[in-house]
Amino acid sequence: MKALLKISPILVLAGFILSGFDILIAAPLATIYAAFVAAFTEKLNTQTIINAAVDNVKEMQIVFFILMCAYVMAEAFMATGVGASIINISLDLGITGRSVAVVGLVVTSLLSIATGTSWGTFAACAPVFLWLSHILGGDVILTIAAIAGGSCFGDNIGLISDTTVVSSGIQKVEVIDRIRHQGVWSALVLLFGVIAFYIAGFTMDLPSQPGDAHSAISSIPDEAWVSLQEKRASAVTLLEQVKEGMPYYMSLPLIIVLVAAFRGMSTLLCLFLGIISSLCFGLLQGTVSDVNSFLELMYNGFSSAGSWVIVMMMWIGAFGGIMLKMNAFEPIAKLVIKASRSVRQLMFYNGTLSILGNAALADEMAQIVTIGPILKDIVDKNVEGDEQSLYKLRLRNATFNDALGVFGSQLIPWHVYIGFYIGIASAVYPLYEFTALDIIKYNFMAMIAVMSILLLTLTGFDRFIPLFKLPSEPSVRLKNKK
């Protein structure tokens, strides 16, 4: 009974979110409830509870700085022409009704890496590709599933993605190491996603006449522009740049960031390089009128980060600190350990916890910051081995936490991701009434990502993917299964 009471704050948090409460309201309420539970079950005084909450938030300070810079870089990339250049390059390769979903998947995957935001990427690309699909005779449901899945790609592996940064920070692993760990697997997920959407377009016998983004953007109704301006103003700027055309060299800031990342530079340095290079190229191209206007972009980025994600993370961090203080997750950990016969099975169950937590909380960030500490605690307390091997397990935990949060959201009908996507799609393409199942039905990218990472972990086939292999016994071993 006591164990159930200690885990009840998670149920309360999930209940608030499923009832329609914003996470900025649900998290403080759940934190207060958790504090009362901790005082009752553990006989903790008020100061001890406050210290537990604050100490956990302190652990995330570097993450806050990275997130603020990430939001600034995302704002800069969308406003200076970097994102538009990426779209133009992709569209210049040619597009038809048969290939619109495939191209949409690739473009959103690249753009989400550039901007670090799946929501912004979807908002920017939905008008282009839904109307292109309409003009070219493509399948609008296939197209929306493709851009939904592609938008999540960079959110899962992008250097400037908040979910990538937060999930890595919780597991105490470097973002760069995390990207290297899952890089080949993520590329394979994208490759198989492209193949799946190509086969679908072919079997649906969609038309193969080419078209262009200019016609698609010009066909967007005025009311759709007004709605998009209200929901995502930066997407309007990006679309106007796509329509006008953007030179290929404006994609260089993204290339600079990616090269710096793979050369092992720190995350903050990579972000600063992206911000500075986008300013320089923006001044050259004329998308940035002067330094003061760019400083305004930076202000908007800092404001966006501070107005929601950092505040939310602080509350969720406080919530997690109190939960950890009263060992609320111990029953879950014991269940996982009891069911595990090897470290590999334990890691598979950690992945399962991530997807179940995502379904329960209906918010990928809430899942990351709530379930993430559980995964770390399970490995830290129950697995032993050399530090290098244990670090690889933490890398997989971070990948689980993020991939099954972001991609898993695409397969959960009540998830906030799905609600946002439906809202944007309905606003920019009012000719069709979208439902949650429309996002899920053909979301091959999400299906491949979720199923593959779980099966590869359980079967050990991850050893065939470079840098993705988990260490095995006797390098790592369960402490109670010697």
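Me: Helices (H or I, at least four residues) and strands (E, at least two) are DSSP runs, numbered from the N terminus. How many helices and strands are there in the protein chain?

Reply: Bear in mind that this is a predicted model: local features need pLDDT of at least 70, side-chain atom pairs count only at pLDDT 80 or more, and totals for chains, interfaces and linings use all residues. Residues are numbered from 1 along each chain as its sequence is written, and side-chain values use heavy atoms, with hydrogens and water left out. The tally for the protein chain is 23 helices and two strands.

Me: What is the radius of gyration of the protein chain?

Reply: The radius is taken over C-alpha atoms, and the globule rule is 2.2 Å times the number of residues to the power 0.38. For 482 residues that rule gives 23 Å, and the chain comes close to it, so it is as compact as a globular protein of that length. Along its principal axes, the C-alpha trace spans about 65 × 50 × 45 Å. The radius of gyration itself is 22 Å.

Me: What share of the 482 residues is buried?

Reply: Buried means under 20% relative accessible area, exposed over 50%, and partly exposed in between (1.4 Å probe, protein chains only). The chain's contacts (heavy atoms within 4.5 Å) also tell us something: of those with a separation of 6 or more, 81% are between residues 24 or more positions apart. The buried share of the 482 residues is 58%.

Me: Which residue takes a positive phi just after helix 9?

Reply: Helix 9 covers residues 162–170 and is mostly covered, with eight of its nine residues buried. Among the buried ones are D162, V165 and I170. Just past the helix, phi turns positive, at about 60°, in K172.

Me: How many salt bridges does a search of the whole structure find?

Reply: The test is a side-chain nitrogen of Lys or Arg within 4 Å of a carboxyl oxygen of Asp or Glu. One such pair is K376 and D380, at 2.7 Å from N to O. These two sit four residues apart in helix 19 (residues 364–382), so about one helical turn separates them. The whole-structure search gives ten.

Me: Which residue meets the side chain of R344 in a salt bridge?

Reply: R344 has a partner at 3.2 Å, N to O, and that partner is D462. The pair ties together distant parts of the chain, 118 residues apart: R344 is in helix 18, while its partner is in the loop between helix 23 (444–459) and strand 2 (476–478). R344 counts as buried because its relative accessibility is 17%. At 0%, so also buried, is its partner D462.

Me: Which residues do salt bridges that share partners join into one network?

Reply: D462 also meets the side chain of R396, at 3.4 Å from N to O. This pair links distant parts of the chain too, with R396 in helix 20 (residues 387–409) and D462 in the loop between helix 23 and strand 2, 66 residues apart. R396 has 0% relative accessibility, so it counts as buried. The network is made up of R344, R396 and D462.

Me: Leaving aside its neighbours within four places in sequence, which residues is S342 in contact with?

Reply: S342 is placed in the loop between helix 17 (330–339) and helix 18 (343–361). Its relative accessible area is 18%, so S342 is buried. Beyond those sequence neighbours, the contacts of S342 are E473 and L478.

Me: What is omega near for the peptide bond from E473 to P474?

Reply: Most residues other than glycine have a negative phi, and most peptide bonds are trans. The bond from E473 to P474 is cis, and P474 lies in the loop between helix 23 and strand 2. Omega there is near 5°.

Me: Is K43 buried or exposed?

Reply: K43 is in the loop between helix 2 (23–42) and helix 3 (46–58). Its phi is positive, near 60°, in a residue other than glycine. With a relative accessibility of 67%, K43 counts as exposed.

Me: And what is phi of D205 near?

Reply: Look in the loop between helix 10 (175–203) and helix 11 (213–218) to find D205. Its relative accessible area is 60%, so D205 is exposed. Phi of D205 is positive, in a residue other than glycine, and is near 55°.
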